[in-house]
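Biologist: Please take a close look at the nonpolar interior of this protein and the aromatic rings that go with it. I would like one connected account.

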Amino acid sequence: MCNATEAILWGPAREWVRQRSARSELKCRIGSGQATYHRFDPNTHQHLITFGQRMVEAKFSAQSSQGWLSTREIQHKGYFDGDVSTANLLAHTCCHEFAHLLQSISGQRRYGSVHNAAFYTILDELHESGGAAAVRYFLMERSARSGIELPQATMNLNDVSEQLQAFSVGDAVRFGRDRHQREGEIVRINRRTCTVQGTGRWRGARYRVPVSLMSHR
Ligand SMILES: [Zn+2]
């Protein structure tokens, strides 16, 4: 995923990025947990994308794939024809994090509004331009060469109680869409929803969130 992001996504965009933010560099690395994110250090001009090892692991089963924003994006935005598979999830995750890089360059990343309309315009473009498909092809080829099977079968993701199994009390989650996105911590798992205590700017508020609107962060 690191090589795919650097070669397929960063390679063609590098000059465009440097015209806007001189001396920008990208470094991709593997994290030991599930945290997967993009960071920019304005002092060194370095963009850092971390792919969590446990995030990759989670995307090998339908049950643990449920709680991730990338799963919802493929389903709700129809990326890869809405087809959720390990190969598509991992390719999409490269695009998602790279879209944050482009978003930060274009000045559209704001506190409390990270997955906003500007972000999805960029992510749509990465899919429509064939970038996402090229990343997927790269991942398929590299994994085959290393003897790793990257499943392409469509996952079955419709069962609510199975979706709930991806979450536990204490998990940090994000819910709601676009500008209405909020953050909190799960305090109780119900039959079809989770009770979430707001954190950050939503501290003090309590929400009952349908599992389909919730993802890990
Ligand atoms: Zn994101």
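Modeller: What follows goes from the cores to the rings and then to two loop residues.

This is a predicted model, in which local features need pLDDT of at least 70 and side-chain atom pairs count only at pLDDT 80 or more, while totals for chains, interfaces and linings use all residues. Residues are numbered from 1 along each chain as its sequence is written, and side-chain values use heavy atoms, with hydrogens and water left out.

A nonpolar core here is a set of buried Ala, Val, Leu, Ile, Met, Phe, Trp, Tyr and Cys residues joined through side-chain atoms within 4.5 Å. Buried means under 20% relative accessible area, exposed over 50%, and partly exposed in between (1.4 Å probe, protein chains only). The largest such core has 42 residues, and Phe98, Leu101, Leu102, Leu123 and Leu126 have the most contacts inside it. Two or more residues come from each of several elements, including helix 1 (2–20), strand 1 (25–31), helix 6 (117–128) and helix 7 (131–145). Helices (H or I, at least four residues) and strands (E, at least two) are DSSP runs, numbered from the N terminus. The most comes from helix 5, which gives 11 residues. Leu101 touches Trp10, Val17, Leu26, His38 and His47, leaving aside residues up to four places away in sequence; contact means heavy atoms within 4.5 Å. Another core, of 14 residues, lies apart from it, with Ala166, Val173, Ile186 and Cys194 among them.

Now the rings. Those of Phe, Tyr and Trp (its six-membered ring) pair if their centres lie within 6.5 Å; planes under 30 degrees apart count as stacked, over 60 as edge-to-face and the rest as tilted. The whole structure holds two aromatic pairs. One of them is Phe119 with Tyr120, which is edge-to-face because the planes stand at 80°, with the centres 5.0 Å apart. Phe119 is buried at a relative accessible area of 0%, and Tyr120 is buried at 8%.

Tyr120 also has the charged end of Lys77 over its ring, 4.3 Å from the centre. A charge sits over a ring if NZ of Lys or CZ of Arg is within 6 Å of the ring centre and within 35 degrees of the ring normal. Arg39 lies over the face of Tyr37, 4.4 Å from the ring centre.

Two loop residues remain. His45, between strand 2 (37–41) and strand 3 (46–52), is not a glycine but has a positive phi of about 65°; its relative accessibility is 18%, so His45 counts as buried. Phe80, between helix 4 (69–77) and helix 5 (86–105), is not a glycine either and has a positive phi of about 50°. Phe80 is buried, at a relative accessible area of 18%.
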